Amino acid sequence: MSAATTRSRTPDRLCAEAVDLARAAAEEAAAPGVVGEHVGLVSEGDRVVTHFFECKELGYRGWRWAATVARASRAKFVTLDEVVLLPGPDAVLAPEWVPWSERLRPGDMGPGDLLPTDAEDLRLEPGYSGEDEPVASSAVSSEMAELVEAEDAEVTAGPPAKLTTVPSRGSIAALAEELGMRRARVLSRYGLHVAADRWEESFGAKTPMAQAAPASCVTCGFLVPLGGSLGQAFGLCANEFSPADGRVVSLAYGCGGHSEAAVMPKPPRPAPPVIDETRVDPFPLRPAPDSGSVPVVSDEDAAELGHS
């Protein structure tokens, strides 16, 4: 360890007293009225002290103007070293920078935007092209790169897949091109699973719409089947009144626009009333003679008892 690192970190007296010099330097570097009160100092080394002043600039809350002064050995005059704006302990700082490829989210792309796919993208795997090189119509092929870099090249209307550069007839690549198998890369198993999980979460059996649907999409006439392995679990909705119109839906998904839900269900019959108010039950003022509830009394006997 050198002798310089073992010296005391006590601020130099003359440098610590040079507050006016540090303030004047900070005010010269900053805009008028931006430099605030003196908030402290720190020893940077032997005869080197940094003075901190409050920053009143809008948008820089917690930042401080730092003016570093120094003094030569055995010198009595303090000189200015540098002035910078530094963040304090409670300063408002910008968030950590994140690459644009990690910030991009579904729906962020607009017309004219390009999203280059990484060569090591786990969602893709090499497709059958008959050659080790990318297809001639691919944007990553050497033929396309040479065509773009050529000075006399003309821009062809349409995407790279529509360009006229095709493999020679009779080759394996030409046969693969004709059968639609000559793609540079295709979806990997990981890419299929990621897409399936995303579609299942948006339009799957566990959504509230599917839970309240009269039937699933597998029996709906508006379902357009998909080809390939994804067709075993997903299809395309073609019902304009469905919330999933034009979307890839799970076969277990469903909504109120099911094709077989056109017949309106009959309303349930009301329960019979407890008290029937449509009938009238006659109640005679006198019981019937043959009811057996009271003895038969003649009119004369009833008159003696006071009955009318």
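## Overall make-up

The protein contains eight helices and nine strands. The structure is a predicted model, and the chain has 308 residues, of which 23% count as buried. Its exposed surface comes to about 23600 Å², with 56% of that supplied by carbon and sulfur atoms.

Counting contacts between residues at least 6 apart in sequence, 51% join residues at least 24 apart.

## Confidence

Mean pLDDT for the protein is 76, and 68% of its residues reach 70 or more. Residues 1–7 have pLDDT under 50 throughout, and the model gives this stretch three contacts beyond four places in sequence. The pLDDT is also below 50 over residues 151–155, a stretch with one contact in the model beyond near neighbours in sequence.

## Salt bridges

How many salt bridges does the structure hold? There are two. One of them pairs Arg71 with Asp12, with 2.8 Å between the closest N and O atoms. This pair links distant parts of the chain, 59 residues apart: Arg71 belongs to strand E3 (residues 63–71), while Asp12 sits in the segment before helix H1 (13–16). Arg71 has a relative accessible area of 17% and is buried. Asp12 is buried as well, at 14%. Both values fall under the 20% cut-off, so each residue counts as buried.

The other salt bridge joins Glu17 to Arg13, and here the closest N and O atoms are 3.6 Å apart. Are these partners buried or exposed? Glu17 counts as exposed at 52% relative accessibility, and Arg13 counts as exposed at 54%. Exposed means over 50% relative accessible area, so both Glu17 and Arg13 pass that limit.

## Backbone angles in two loops

Most residues other than glycine have a negative phi. Two arginines in this model have a positive value: Arg47, with phi near 60°, and Arg74, with phi of about 65°.

Where does Arg47 lie? Arg47 is in the loop between strand E1 (35–45) and strand E2 (48–55). Its relative accessible area is 26%, so Arg47 is partly exposed.

Arg74 is in the loop between E3 and strand E4 (78–87). Strand E3 is also the strand that holds Arg71 of the salt bridge with Asp12. Arg74 has a relative accessible area of 83%, and therefore it is exposed, whereas Arg71 is buried at 17%.

Note on methods:
Residues are numbered from 1 along each chain as its sequence is written. This is a predicted model: local features need pLDDT of at least 70, side-chain atom pairs count only at pLDDT 80 or more; totals for chains, interfaces and linings use all residues. Side-chain values use heavy atoms; hydrogens and water are left out. Helices (H or I, at least four residues) and strands (E, at least two) are DSSP runs, numbered from the N terminus. Buried means under 20% relative accessible area, exposed over 50%, partly exposed in between (1.4 Å probe, protein chains only). Contact means heavy atoms within 4.5 Å. Accessible areas come from the Shrake-Rupley method with a 1.4 Å probe; for residues, only the protein chains shown count as cover. A salt bridge is a side-chain nitrogen of Lys or Arg within 4 Å of a carboxyl oxygen of Asp or Glu. pLDDT is the predictor's confidence in each residue, from 0 to 100.
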